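Please look through the structure below with its charged side chains in mind, and follow the pairs that they form.

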Amino acid sequence: MQDWLQKFIKRRKVALIGSVDENGYPNIKAMLSPRKIEGNDFYFSTNTSSLRVGQFAQNPKACLYFYRKGLFQYQGVMLTGVMEILTDPAIKQELWQVGDSMFYKKGVTDPDYCVLHFKAATCRYYCDLKTTQIEL
């Protein structure tokens with residue numbers, strides 16, 4: 001992923017995450033920004049019992065959307081790809097933050113704590129009334 005694009009994404013505090021429900025309809029959810037970004041890979045912490053995790057287990061197709069609404073300019077980035085549910089203790093430990101114990105009472109080993117791993121395949125960037133396909 002291009003450096004300027006990764007910097008843009010890292011500055012966003014919220015990520016919109018799209019999944020597909022059991023009837024084939026898109027579902028969008030706002031989540032905190034990714035805890036880790038490596039190239040085209042994005043990692044989020046979430047509840048194993050969440051609706052979104054259930055949807056990704058059934059259909060891994062996903063998208064992420066990040067945006068910035070300035071006074072005179074709107075920028076948006078949409079990434080499409082696949083979402084994987086990770087329960088490996090090493091990645092859970094890597095992404096764990098002190099405040100997480102508020103949501104996961106059993107700590108990093110809580111079975112309701114998992115990691116969503118998004119692998120981007122395509123990218124579209126919107127700015128100044130123009131949309132550009134960006135190679136990843």
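The paragraphs that follow take up the salt bridges of this model, which is a predicted one.

Side chains of opposite charge can pair when their charged atoms come close. A search of the whole structure finds four salt bridges, and a good place to begin is the one between R35 and D100, whose closest N and O atoms are 2.7 Å apart. Because R35 sits in the loop between β2 (26-32) and β3 (36-38), while D100 belongs to the loop between α3 (89-95) and β7 (113-127), this pair ties together parts that are 65 residues apart in sequence. The two partners can also be described by their accessibility: R35 counts as partly exposed, at 28% relative accessibility, whereas D100, at 4%, counts as buried.

A second pair to find joins D41 to K119, with a distance of 3.3 Å from N to O. D41 lies in strand β4 (residues 41-47) and K119 in strand β7, so this salt bridge ties together parts that are 78 residues apart in sequence. Here D41 is buried, with a relative accessible area of 12%, and K119 is partly exposed, at 39% relative accessibility.

The remaining stop is the salt bridge between E38 and K36, in which the closest N and O atoms are 3.5 Å apart. E38 counts as partly exposed at 41% relative accessibility, while K36, with 16%, counts as buried because buried means under 20% relative accessible area. This pair does not stand by itself, since K36, E38 and E94 are linked in a network of salt bridges.

Terms used: Residues are numbered from 1 along each chain as its sequence is written. This is a predicted model: local features need pLDDT of at least 70, side-chain atom pairs count only at pLDDT 80 or more; totals for chains, interfaces and linings use all residues. Side-chain values use heavy atoms; hydrogens and water are left out. A salt bridge is a side-chain nitrogen of Lys or Arg within 4 Å of a carboxyl oxygen of Asp or Glu. Helices (H or I, at least four residues) and strands (E, at least two) are DSSP runs, numbered from the N terminus. Buried means under 20% relative accessible area, exposed over 50%, partly exposed in between (1.4 Å probe, protein chains only).
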